[in-house]
Amino acid sequence: MVKHDFLIIGSGLAGLTYALKVAKRFPAKTVAIVTKAAANESNTKYAQGGMAVVIDTVTDSYEQHIEDTLIAGDGLCDRDIVEMVVKEAPDRLKELLNWGAEFDKNNLGDFDLGREGGHSQNRILHHKDITGYELEETLLDQVNQCDNISLLSHHFAVDLITNHHIREWKGREDNECYGAYVLDEKTGKIETYLSKIVLLASGGIGQVYQNTTNPKVATGDGVAMAYRAKALIKHMEFVQFHPTALYDTRPGQTFLISEAVRGFGALLRNRKGKLFMEKYDERKELASRDIVSRAIDSELKKSGDDYVYLDCRHLDPVGFENHFPNIIQKCKELGIDWKKDMIPVVPAAHYLCGGVVTNAFGQTQIANLYACGECACTGLHGANRLASNSLLEALIFAHRCYEKSCEEVEGVLENAKVPDWSEEGTTNPKELILITHNKKEVQAIMSNYVGIVRSNERLNRASNRLKVLYEETEDLYKKTKISPQLSELRNLITIAYLIVKQSQARTENRGGFYKEA
């Protein structure tokens, strides 16, 4: 049994920011970060575009950023949360700069502010086209300097420890979190991690689909664990598909062509070379992601093609090469010369707008359990995330989780009745093929039936097939020793179920959700 004062599940921007703040506030208390892969492997690392912050108050304003966010969220944002996030952004930016984060500047020494789809002004801070990587490395450097933080890579959080592990479930109003069961992948043992405060910062769910911009670790573990612990889960139907992932015939993580490329002036063309966005929205290429993704999906269904093109050939070569070196290098590796060739792109699963329901301080309905980052449903995004609001949300809510948990931590009492994990009656799996096959089947079901455009018939078909996979996997889970692969499969099935169930329940199309009659 391992005891800590603060336990963070996930090592992206949200988790690292929170860990750094509580560690500095309480140097005598212990902070543990558990992450199932390398410490820097998270959705944060792959965020290319940047972070939206109102800096130029001459042409821009808080009100404009708030309005752009509300429009993108299509009526389902919490306006108070949106106003809070936008107005607190400059303070969080100052902290990042003090920690050593660097953002691109122009010849005058001012921040070089980019613009992306859905934004009415240039307000995107960026570091080339690897902004997320820059922030991740900055935070990791700071965290590694704190002696009271234990950063535990290759540690897989299997389940949250709550009341139902100790006694019979009596309802949400009586639920508390005491820590998590964590699998040490090196030893194969599941340890009991007790903690006064637990923060879920476990990232996204992209791997529930065959093609996603998310890394392999994005299997929705935090949302699935919270659901099993009886936390409220909301807006899972709002999965944002990024319009322009680099087309690849292989399933898995696809390379993202940043929204900022269209903000820089790139155009979308069909296979015949014709522009098409003006048919769908007056903002054309600068429409919000849900509109652009559906437009591309519509064009592909009409033509039968596998992809459309992103045309950058007319853009300023010096400016483009300075802003997007990572994208240019990737294209070069594939034999694509952006000055002469158009880039083949296709929508891919990108971001979850829903998740574990929290209040304005990241508190869930389970006492002592907080959530922030992509796994949380804070009310900021509503039905569709405005580009470059996600890194900002992670920072804002990590700070607010920090503020509230600092008030609460001293009053949390340790629960001595928590049982250790039991593997009695289980054996090592005879064949991993059962797990890998079922994972591929889940991804195929979700991609074929629960994609950008859905229907009740396809959702019902997905639901029926997932039920079979769930029963098979739960039977395997009961008699097999836990492995990361088996846990991820359970979590993916749970995520798929939640997306399907909440898609079936939604009767009107909003933002990133579109269901045919």
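Me: Leaving aside neighbours within four places in sequence, which residues is Cys406 in contact with?
Reply: Val22, Arg25 and Phe26. Bear in mind that this is a predicted model.

Me: Where does Cys406 sit in the fold?
Reply: Cys406 is in helix H10, which covers residues 390–408.

Me: Is Cys406 buried or exposed?
Reply: Buried. Its relative accessible area is 7%, and the cut-off for buried is under 20%.

Me: And how far is Cys406 from Leu476?
Reply: They are 41 Å apart in space, C-alpha to C-alpha. In sequence the separation is 70 residues.

Me: Sticking with cysteines, how many disulfides turn up in the whole structure?
Reply: Zero.

Me: Why is there no bond for Cys146?
Reply: The closest cysteine sulfur to that of Cys146 is in Cys406, 13 Å away, so it is too far for a bond. A disulfide needs the two sulfur atoms within 2.5 Å.

Me: What about Cys331, which cysteine sulfur is closest there?
Reply: The one in Cys312, at 7.6 Å. That is also too far for a bond.

Me: Are Cys146 and Cys331 buried or exposed?
Reply: Cys146 is buried, at 11% relative accessible area. Cys331 is buried too, at 1%.

Me: Let's zoom out. How many helices and strands does the protein have?
Reply: There are 13 helices and 20 strands. The radius of gyration is 22 Å, close to the 24 Å from the globule rule for 517 residues, so the protein is as compact as a globular protein of that length.

Me: What does the C-alpha trace span along its principal axes?
Reply: About 65 × 50 × 40 Å.

Me: How much of the protein is buried?
Reply: 60% of the 517 residues count as buried. On the outside, about 21,300 Å² is exposed. Carbon and sulfur atoms supply 47% of that area.

Me: What share of the contacts links residues 24 or more positions apart?
Reply: 76%, taken over contacts with a separation of 6 or more.

Me: Charges next. How many positive and negative side chains are there?
Reply: 63 positive and 72 negative. The centres of the two sets lie 4 Å apart.

Me: Switching to helix H5, is it mostly covered or mostly open?
Reply: Mostly covered. H5 runs over residues 221–228, and seven of its eight residues are buried.

Me: Which residues of H5 are buried?
Reply: Asp221, Gly222, Val223, Ala224, Met225, Ala226 and Arg228.

Me: What follows H5?
Reply: Lys230 does, with a positive phi near 80°.

Me: On backbone angles, what is phi at Lys128?
Reply: About 50°, so to speak of its sign, positive. Lys128 is not a glycine. It is found in the loop between S4 and H4. Lys128 is partly exposed, at 27% relative accessible area.

Me: And His235, what is phi there?
Reply: Near 60°, a positive value in a residue other than glycine. His235 lies in the loop between strand S10 (233–234) and strand S11 (239–246). At 10% relative accessibility, His235 counts as buried.

Me: Now Glu136. Which helix holds it?
Reply: Helix H4, residues 131–143.

Me: Is Glu136 buried or exposed?
Reply: Buried, at 1% relative accessibility.

Me: What does Glu136 touch, not counting residues up to four places away in sequence?
Reply: Ser11, Gly12, Leu13, Leu16, Ala39, Asn40, Ser42 and Thr44.

Me: There's another acid to check. Where is Asp5?
Reply: Asp5 is in strand S1, residues 2–9. At 13% relative accessibility, Asp5 counts as buried.

Me: Which residues is Asp5 in contact with, beyond neighbours within four places in sequence?
Reply: Lys29, Thr30, Ser195, Lys196, Ile197 and Val409.

Me: How far is Asp5 from Gly75?
Reply: 39 Å in space, C-alpha to C-alpha, and 70 residues in sequence.

Me: Last one, Asn107. Buried or exposed?
Reply: Exposed, at 84% relative accessibility; the cut-off for exposed is over 50%. Asn107 is found in the loop between helix H3 (79–99) and strand S4 (124–125).

Me: How far is Asn107 from Ala444?
Reply: 49 Å, C-alpha to C-alpha. They are 337 residues apart in sequence.

Notes. Residues numbered from 1 in each chain as written. Heavy atoms only, no water. Helix = DSSP H or I, 4+ residues; strand = E, 2+ residues; numbered from the N terminus. Buried < 20%, exposed > 50% of the residue type's maximum accessible area, 1.4 Å probe, protein only. Contact = heavy atoms within 4.5 Å. Rg over C-alpha atoms; globule rule 2.2 N^0.38 Å. Areas by Shrake-Rupley, 256 points an atom, 1.4 Å probe, with all protein chains shown as cover. Lys, Arg positive; Asp, Glu negative; His and termini not counted. Charge placed at Lys NZ, Arg CZ, Asp CG, Glu CD.
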